[in-house]
Every structure is written in structure tokens, then in C-alpha cells.
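Dear colleague,

I am passing on the structure we spoke about, and I would be glad if you could look through it with the notes that come after it.

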There are 2 protein chains.
Amino acid sequence: MMVPKILILGAGYGGLMTMVHLQRELSYNEAEITLVNKHDYHYITTHLHEPAAGTAHHERIKIDIKELIDEKKVNFIEGIVKEIKPDQNLVLLEDGQELSYDYLVIALGSEPETFGIKGLREHALSIRNIDSVRMIKEHIEYMFSKYNNEPDCEECLTFVVGGAGFTGIEFVGELADRIPALCEEFDVDPGKVKIINIEASPSALPGFDQELVRYAIDLLEKKGVTFLVNTAIKECTDQGVILANGDEIKAGTVIWTGGVRGNSLIETSGFETKRGRAKVDDFLRPPGHENIFIIGDCSLIFNEEGRPYPPTAQIATQQGENCGKNLTAQIRGGKLIPFIPHIRGTVASLGRGEAVGVVGKRKLFGFTAYVMKKVIDHRYLYMIGGIPLVLKKGKF
Amino acid sequence: MMVPKILILGAGYGGLMTMVHLQRELSYNEAEITLVNKHDYHYITTHLHEPAAGTAHHERIKIDIKELIDEKKVNFIEGIVKEIKPDQNLVLLEDGQELSYDYLVIALGSEPETFGIKGLREHALSIRNIDSVRMIKEHIEYMFSKYNNEPDCEECLTFVVGGAGFTGIEFVGELADRIPALCEEFDVDPGKVKIINIEASPSALPGFDQELVRYAIDLLEKKGVTFLVNTAIKECTDQGVILANGDEIKAGTVIWTGGVRGNSLIETSGFETKRGRAKVDDFLRPPGHENIFIIGDCSLIFNEEGRPYPPTAQIATQQGENCGKNLTAQIRGGKLIPFIPHIRGTVASLGRGEAVGVVGKRKLFGFTAYVMKKVIDHRYLYMIGGIPLVLKKGKF
């Protein structure tokens, strides 16, 4: 009897939850599970804005994959996926390894969506992974250090954040909190620092409750953040950004948080996509591939009004859980369960001790929302690593 | 009766020692002493290589000027000298202040000497003051953070140090010590990091005893530093350096330690100079100006063979002492003492617990030399701030 091979690509929220479910449910002889990930660690994407601003060390949001794996049940490969060949049931890694599978889970996350804005890819930094946020932190500090050597360099102390969605808002809140310490360390007058958050939509946090948006904006403005809404960026240069109206904002640091698209491997592997996200059936399978699941930021799912859900950790986690259940069912000959997201709530951090959010139908502000965010964080840690992981990493 | 005004420009080794001597010797009604300095702190120039490499925090080598001053005797002005008008006994500051004097001490330190090498001023960093070394530290860390986002960027991990004199050697020793921690922090393979020290002279530490040079080079090579001697840099670009033979070394960071010249204000104020250093008489006065003393890196003095002494902290300190004595004599109608340097010894740090040097006629190696360097450091702290300063800052 052949043991089916399950190959999971990516150890983000979706891939990791799939793996955690499978290793809990399946016994040793039911499946040969392999998890491939670019790094030997998982990271808490929803907290990347903290090491980006430098308010927390990146180690705080890294979780060693070996700690989460039962090595008797799951084989882990640190590697970068180069190509997916769905018609041959093969995956090629950059180091030359070829991996065959009976079932494939594609959970390769996202890439920044630049909407064709010129120069963004070359000149803007992005809050994407541990490496990219470490570079943001160092870039910010480098600009502070540069300022004292080039006192005319006002743009050294100007930080433009493109996009005032969740990531943008959470980052500017964190950065504003960090400014006093940076000014102290680098002997810089805090009055010289500018944080400018630019959003093309008519409002920050598009789609969020207006009362919560107002609370967030008021608070962040008090912390020194300037918002430019209804303002599109036309181009990013090595000098800063050029707005749609032709105005230039000189800035030594531009951080783009304006959106994400699915990993480009989805497109290049021939799946039908929109913004790099694969169309999937009710069971998260791309049409015509009954042994492939595409989950997390790589998959496109729609709400009851027919509009796509934005990619979130919450949905990715639920998809991973659903995918794990359906793989178990498929192996055991059970019935597949369609994926239906349950949006429990959304909380955006605004920096130290402050947040806004909606949980169920209730709006939360300030410290209450902040505590709720911690509850959500802890719940996730519990799901992937149980009590030990909550105790180890739960302090952020 | 008019109280004579003594104006001291610069609170480096020379200016500070002048001030310390005067405030100890003169009583309140003998002179009106003013000290002008760009910052409100003095810094231990001979230890700048440590915060530059990031092995010590820059606060460790900063000393608050207010702590050294008897405010009843010395008036301190934080300001930048814009112009010296020796014929009008006037000094203008950048903030518009005009300061008149009866006696002037010019101790404005040095600037990097680029020897006309193209691009050096624009693209190389220099170990010059707190601000410049803070930028070096941040630049190094930024390059490490960049590497993980651009794995092809080998030059991100290449650090070129131009000049293998004292500063160059001390810096590469320190940087080599820091590499393991940087690699750990940024998840970089230490084997990928290159430190290349380039020297135009036939040997590193030109003018130093050959046995000591060999010891230093062997040790630093073991720490991973590559030396290119007999190698001139023709040009510095934003990509690295181009050597005289046309070879290019790609490097994300170039640090120039190849030499210094006197502060350019010496030249622009009309004093006769060579490499920006003023010719002075036996009493450190420029010809034709009996009420002006030029000391430290700004002054040019010659040894018995008629060759100029290199500018060092040791000579600057002794000149400050001599200048303080001569000012006291001049005010009291005493006799001036000619300045004769006493080269007590020279010790170059090679990183953690290691140094080489000559004290008297004795060669020192390794830990012995390292301890001697600490003794010299402590002696200096004692001279400017007594026991309390030694206890406070003596740990570096």
C-alpha cells in the first residue's frame, strides 16, 4: 500500500495551520508530510510593523519551525520554490531538489502590489518579512545618523508611508512611538521629524467603521503623523515621491504598504488568477486540480456580495484549518467541507497601549482594543504551538 | 584696569587642556576666559574607532563640557566658528555672534585629507567625530540588513578601509571583532564578509617599528582582515574604489582614514599653512601674531630632523598645557616657555585585549600593550577631569 505524499509549500499562517492540523490528526502511516519554507522559522506577519519601526526586536516575532513540528510525522525542507508543475505533480526548488506529491498545498503568501507605480519596486521599502523589516529599521536609523552629518538634509528625517490601510496605520503608530528614542540616541530635535502617511482612498483604513477611523486618525495625528488622503502617488524616486498632482515630497525613506498580490509563482505555474491570487472552488482547489489546495494570500475568495475578501492572517489561518481537515477527509475517503470564513473581528494597533477594532458587532477603542489584540495574538500562538508557545512568545 | 579676554576655539585635546590649565592657574579677576565648541561635549578622538565599528556606544567616549568647566571662571559657548579676523581681534560664529579677544587660542582640529582622490569626499565615510562615526556604525548595519534582501549584493558585505595608519588599523581590528555579532544579528554567513584595508605605503602603520607591524598584521589577518599595501586608491565611487592599477573593488562601505589636514579656517583666515596646518614659532604663535596661539592638529611643528610631527592627541595635549602656561605668563608678565614635544609612547589598539606599541624604548605586544593603552587613557582623563572623570569614563 502506498502512503500518500502531502507537500505543503510555505510556513506562513495558512501552510503552518495545515501542517499543525495534519500532524495532530493523521497517524504516522497515513501520510508522508513535507513542509517547504524559505526560512527555518515562521514569523508573526501581523506584528512585522514593530521590528520595522524598531520598537521590538525581530526575534520576538520569529518562531523556530522545528519547535512546531513533530519530526516523526513531518519532514521539513528549508528551500525556495522555483517552479510548480501541477501537470506532473512536481515542485522544483532553487537548490535543484525535485519534490513529487500526491497532494499539494500552496501557501506561498504575497508580494507587494505596486499598481504599476513607477519606481516603487526600486526605491520603496516594504513590510513583508523579517529581512525586509530589518532593513527598514536599519534604514531609519541610518537616516537619523546621516542627518547630523548633513544638517541640510531635511529629507533624512522625512518618512513617507504609502498606504493607510492596516499595515500602514499600524506602522506609523509604531514609528511615532519610536521617534523620541531615536531623537535621543541621535541628538536630533524631534520637531524636525516628519511622518507622512499617504492614502489614495478618501479615508485612512478604507472599509473600516468611520468612528473607529476618526479615533485612529486623531490619535496618530496627536503623535505627530500627517495624513494625506485622497492623494495618489504617481512615482517613487531616490529623492522621495511625486504625487498625482505633480507635487514632490522629498523623503529619505519611503515605505510602501499600499497592498499585496499573490506570490507570482501562482501565475507562472499557470493557475487562473486575479492580482496574482488563484481562483479556487469551495474547497480551496483551483479548477481542474483536485489534488491541489491554494490557501492564504495566494487564493481569491468572495463574500456573499461577490466582492473579494482582503487577504488576512485570520482568513489564512481558517483556510489552513479547513485544508487540513479536507486533506484528512480525502485520504480517509471522507466528505470535504466547503470553506466559509468567519470574520470574528479585526483590531488595528495604534502603537503603545492603543488600538481600534471591531469584534463581533462591538467597536473597541484604546486600551480595550489593545488588550483584545493581545487575546487574538495569544489565541493564534495557542493554535499553532499550544501553551508552551504562548508562554514563550506571548509577551509581544 | 581691563581684564584680558582669552578666547579658546575648540574643545578637543588642545583647547580643552588649555582651558583646564587656565582655570586651575588663574584667579577670577585675572582673565575672562571663553571656550567655544561646536558641541556641548568633548570626545575621546583616540577611541572613535570603537563606536564607528559599534563595539562601544558613543556615549562612552563623550564627556559633557559643563562637567569640566568651573563656570565661575570659564564661559562656554556652543557654536560653530565661521570666520577668524586676526587683524581685528574678532571671531564670528555661524549664529551671528561676534566675539572679541585679547588672546586667541585656535584649536579647531582637523579635516580628512583626501589628497585629491576623486569621489572620496562624496562617497567615503570618515572617522572624524561622534556624528561621523555614528553614521559609519549605522551604515555598516544597514548594509548587513540590505544583504538579506539582495543576496547577490556581495558588495554589501565588503568593507574597504582606505589607509592603514593608526586609525585604519585600530578600526579594522574593532570591526573584525564586531563581525560575529553582526552576522548573528542579521543571519549572515561570516565567510561572506570581507574587510579590506588598503594602504599606499609599502607597509601598514608607516613609520612604526617593523616587528610591531608584523605582529599587528598577523593578528589582524587571523581576524579576517585582508591588507593591500603598496596600493593607491585612484577614485572612490558609489560602487566602491578604483585602484591606481585600474582594478575595481566593489564595496558598499568605504571608510577613509588616509590622513588629516588642519581645519580649513586656518587657511581661510590668512595664516601661512602647509596641508592646512599653520606654521608657528617656538611658542606656538603664527608669525606676526603675538596674541594668537595655534595648537593641536591645526599647527605644524617639526622634529630635530626638520620633519613635521604627525598630528596626535599626545602632542595636542602637551601643546594645550604649554599654551595654558604661556598665556598665564603673558598675562602676569612672565617668560614664555618654548614648546618641545615629549613623545612618551605610542600604542595602537588591535581590538579586544590586543595592541602593539612603543613606550620609551620598549616594544609592547598583545595584552601588555593593551593595558598600557588603558593607562594612557586614564592618565588623560585624570589630567582633564581628575579622579571623578577617571571613575566615570575610565572603563572603555
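Below I set out what was found, beginning with confidence and domains and ending with the contact between the chains.

Please bear in mind throughout that this is a predicted model. Its scores are ipTM 0.89 and pTM 0.92, and for chain A the mean pLDDT is 94, with 99% of the residues of that chain at 70 or more.

In chain A, the domain assignment gives domain 1, made up of 5–38 + 79–112 + 260–343, and domain 2, which covers 120–256. Taken over C-alpha atoms, the centres of domain 1 of chain A and domain 2 of chain A are separated by 34 Å.

Two open sheets of chain A deserve a description. One has five strands in the order 11-18-12-13-14, and its pairing is parallel. Its edges are strand 11 (125–126) and strand 14 (225–228) of chain A, and because each has a single partner strand, one side of each is left without a neighbour in the sheet. For strand 11 of chain A, two bridges make the parallel connection to strand 18 (residues 253–256) of chain A, and within strand 18 of chain A it is A:Trp256 that stands opposite A:Ser126.

The other open sheet of chain A has three strands in the order 20-21-23, and here the pairing is mixed. Strand 20 (273–274) and strand 23 (299–300) of chain A are at the edges, each with a single partner strand, so one side of each lacks a neighbour in the sheet. Strand 21 (residues 277–279) of chain A pairs with strand 23 of chain A in the parallel sense over two bridges, with A:Ala278 opposite A:Ser299 in strand 23 of chain A.

In chain B, I would point you to two hairpins. In one, strand 15 (residues 233–237) of chain B and strand 16 (residues 240–243) of chain B are paired in the antiparallel sense over four bridges, and two residues lie between these strands; B:Glu235 has B:Ile242, in strand 16 of chain B, as its bridge partner. In the other, strand 6 (residues 81–85) of chain B runs antiparallel to strand 7 (residues 90–93) of chain B, and four bridges join them. B:Glu83 is found opposite B:Leu92 in strand 7 of chain B, while B:Asn89 takes a positive phi near 50° in this hairpin, which has four residues between the strands.

As for the interior, the largest nonpolar core has 175 residues, and those with the most contacts inside it are A:Leu9, A:Ile106, A:Ala216, A:Ile294 and B:Ala216. If neighbours within four places in sequence are left aside, B:Ala216 is in contact with B:Ile169, B:Ala204, B:Leu205, B:Ala348, B:Leu350 and B:Val356. There is also a second, separate core of 50 residues, which includes B:Leu16, B:Leu35, B:Ile106 and B:Leu265.

Finally, the contact between the chains takes 13 residues from chain A and 13 residues from chain B. On the side of chain B that touches chain A, helix 5 (residues 130–147) of chain B provides the largest share, 10 residues. By character, the residues on that side of chain B divide into five charged, five polar and three nonpolar.

With best regards

Notes
Residues numbered from 1 in each chain as written. Chains lettered and ligands numbered in written order. Predicted model: local features only at pLDDT ≥ 70, side-chain atom pairs only at ≥ 80, totals over all residues. Contact = placed C-beta atoms within 7 Å. Nonpolar A, V, L, I, M, F, W, Y, C, P; charged D, E, K, R; others polar. Pairing = 2+ DSSP bridges. Core = buried A, V, L, I, M, F, W, Y, C linked by C-beta atoms within 7 Å. Buried ≥ 20, exposed ≤ 12 C-beta atoms within 10 Å, placed from the backbone. pLDDT = per-residue confidence, 0-100. Domains from an automatic or database assignment.
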